[in-house]
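Hello,

I am passing on a structure that you have not worked with before. Please open it first, and then read my notes alongside it.

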2 protein chains.
Amino acid sequence: MGKRHYGQFCGLAHAADLIGERWALLIIRDLFVSPKRFTDLRRGLPRIPTNVLSARLKELETEGVVERRVLPRPDGSVVYQLTEYGRDLEDIVLALGRWGARTMGEPGPDDIVTPDALVMALRSTFHAGAADGAELRYELRVGDVVAGAHVHDGKLDATTGELPEADLVIETGPAIKGLLTRELTAAEAVTSGAVRLTGDPALLDTFVQTFHLDRDLSVTEQSRS
Amino acid sequence: MGKRHYGQFCGLAHAADLIGERWALLIIRDLFVSPKRFTDLRRGLPRIPTNVLSARLKELETEGVVERRVLPRPDGSVVYQLTEYGRDLEDIVLALGRWGARTMGEPGPDDIVTPDALVMALRSTFHAGAADGAELRYELRVGDVVAGAHVHDGKLDATTGELPEADLVIETGPAIKGLLTRELTAAEAVTSGAVRLTGDPALLDTFVQTFHLDRDLSVTEQSRS
DNA sequence: CTGGATCCCTCACGATACTG
DNA sequence: CAGTATCGTGAGGGATCCAG
């Protein structure tokens with residue numbers, strides 16, 4: 001069965017052949033956070049039909065973007081992870097996420113936030129320059145979804161789940177978007193009640209300096225700054 | 001008409017909602033080269049059904065990625081062009097094209113090369129550093145598709161069609177890919193007959209230094225170099 | 001329980017014809 | 001030239017089922 005194909009001898013057309021099918025980019029997003037089993041992927045993408053997930057994983061595997069690995073005994077289960085070629089999409093995925101976030105409206109009633117999406121939001125809005133030597137741990141709670149950001153040595157470790165030793169716990173909801181775009185100042189966010197803090201409230205300013213979306217920055221400039 | 005929607009409050013998911021539908025990315029590619037009329041787009045994307053092209057243009061327009069402009073009288077025709085928001089995809093599109101090109105095989109019998117694809121290939125493989133002060137004009141012919149590259153002041157003007165005053169005319173076929181990936185050296189390309197030159201043959205080395213694909217470079221590094 | 005495969009239905013896409 | 005109309009097909013969506 002010959003796959004659907006744009007029929008152009010062009011890098012972009014080939015890229016679209018590889019990762020342009022429905023759900024592929026979101027599967028890749030989740031695999032950037034960590035290798036996952038079939039069921040983990042389902043949990044992060046609750047609306048994907050299992051046959052489509054199955055098909056995408058097979059396609060991405062034959063294309064060399066994802067690899068399937070069988071865990072050692074006694075578990076013997078299967079995990080999917082990005083290949084090196086797949087990981088080379090990182091800057092593109094982060095940049096595309098920033099681009100999309102700029103026109104994202106309020107969440108609809110059935111829009112969800114997943115832990116992996118939150119981790120990627122942190123990674124894509126991270127500004128190495130603003131971190132500036134300090135070591136800080138943030139726990140970010142959006143609804144009941146939790147992610148942790150550990151900033152140290154100008155680098156970021158962002159992971160799903162709680163971060164026990166956090167210097168600041170930020171509890172919020174859809175207002176997270178306004179915070180990261182800086183349409184909402186840290187002060188407003190707190191006084192309006194859109195954000196609840198545990199820890200030193202002054203650290204929220206540091207947080208938005210470290211994690212924010214610049215409306216007018218390109219791919220390159222963002223990753224440089 | 002509620003559009004199909006991933007249902008995740010996530011920048012990447014929203015980006016995929018905006019430009020993830022079939023053909024959208026290739027329409028955008030062609031509009032990066034120049035504003036176009038409906039029929040021009042058809043010519044560059046011969047396999048797109050007209051109803052799909054029509055639907056994509058409407059969607060991209062309501063999303064603010066593309067704008068429809070009616071030309072002044074007496075012509076009165078319609079052109080589509082990217083909005084500023086759409087143009088912000090440039091680095092992403094170029095990077096994605098490079099990523100895809102790395103695993104592109106030989107062209108199949110019905111794969112085509114279009115002038116716009118060739119222009120974007122030049123833009124995505126351009127290395128400002130290598131241009132180094134000199135002003136040079138290349139005319140690139142892949143099959144019967146022609147594009148021109150004018151390098152000056154460390155910048156690139158790449159356009160479709162012939163470039164009358166070219167310092168070097170490069171005539172080739174699918175071998176263009178080997179040339180740009182440097183799997184094929186300039187010398188080999190010429191002696192094997194895969195490339196025919198008109199002008200100073202030594203300029204082909206300059207060409208591949210200026211235009212090539214680095215197998216191991218990320219988005220950021222490529223645009224910096 | 002995980003890791004899918006299978007079935008059925010619908011709609012987006014593909015091909016082509018046609019119109020202002 | 002710039003699309004709209006029509007219609008068939010296959011990918012995607014949703015639910016269920018099954019093997020290890």
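Of the atoms of DNA strand D within 4 Å of the protein, sugar or phosphate supplies 70%, and the rest belong to bases. This is a predicted model, in which local features need pLDDT of at least 70, side-chain atom pairs count only at pLDDT 80 or more, and totals for chains, interfaces and linings use all residues. Residues are numbered from 1 along each chain as its sequence is written, chains are lettered from A and ligands numbered from 1 in the order in which they are written, and side-chain values use heavy atoms, with hydrogens and water left out.

Let me stay with DNA strand D for a moment. Around this strand there are 22 residues, the closest being A:Arg22, A:Trp23, A:Arg56, B:Thr50 and B:Ser54 (a residue is near a strand if one of its heavy atoms lies within 4 Å of it). By class, the surface near DNA strand D holds six nonpolar, seven polar and nine charged residues. Here Ala, Val, Leu, Ile, Met, Phe, Trp, Tyr, Cys and Pro count as nonpolar, Asp, Glu, Lys and Arg as charged, and the others, Gly among them, as polar. At least two residues of this surface come from each of helix 4 (50–62) of chain A and helix 3 (38–44), helix 4 (50–62) and strand 2 (78–82) of chain B. Helices (H or I, at least four residues) and strands (E, at least two) are DSSP runs, numbered from the N terminus.

Which atoms of DNA strand D does the side chain of B:Asn51 approach? A polar side-chain atom of B:Asn51 lies 3.3 Å from a base oxygen of the strand. For A:Arg22, the partner is a phosphate oxygen of DNA strand D, at 2.6 Å. B:Tyr80 also has a polar side-chain atom 2.8 Å from a phosphate oxygen of DNA strand D.

Now to DNA strand C. Of the 22 residues around it, A:Thr50, A:Ser54, A:Tyr80, B:Arg22 and B:Arg56 come nearest. Sugar and phosphate make up 67% of the atoms of DNA strand C that come within 4 Å of the protein. Phosphate oxygens of DNA strand C lie 2.8 Å from a polar side-chain atom of A:Ser54, 3.2 Å from a side-chain N or O atom of A:Arg68 and 2.5 Å from one of B:Arg56. The surface near DNA strand C divides into six nonpolar, seven polar and nine charged residues.

The two protein chains also meet through their helices. Helix 6 (residues 90–101) of chain A and helix 6 (residues 90–101) of chain B pack at about 150°, with their axes 10 Å apart. The axes are lines fitted to C-alpha atoms over the stretch in contact, and angles run from 0 to 180 degrees between N-to-C directions. These two helices are therefore roughly antiparallel to each other (an angle over 145 degrees). The contact (heavy atoms within 4.5 Å) is made by A:Ile92, A:Ala95, A:Leu96 and A:Trp99 of helix 6 of chain A and B:Ile92, B:Ala95, B:Leu96 and B:Trp99 of helix 6 of chain B. By class, these residues are eight nonpolar, no polar and no charged.

Finally, within chain A, helix 2 (residues 24–33) and helix 7 (residues 115–125) pack at about 75°, with their axes 9 Å apart. That makes helix 2 of chain A roughly perpendicular to helix 7 of chain A (65 to 115 degrees).

Best wishes

Definitions and conventions:
A polar contact is a pair of N or O atoms within 3.5 Å; within protein, one must be able to donate a hydrogen and the other to accept it, and residues adjacent in sequence count only if both atoms are side-chain atoms. Angles under 35 degrees count as roughly parallel, over 145 as roughly antiparallel, 65 to 115 as roughly perpendicular and the rest as oblique.
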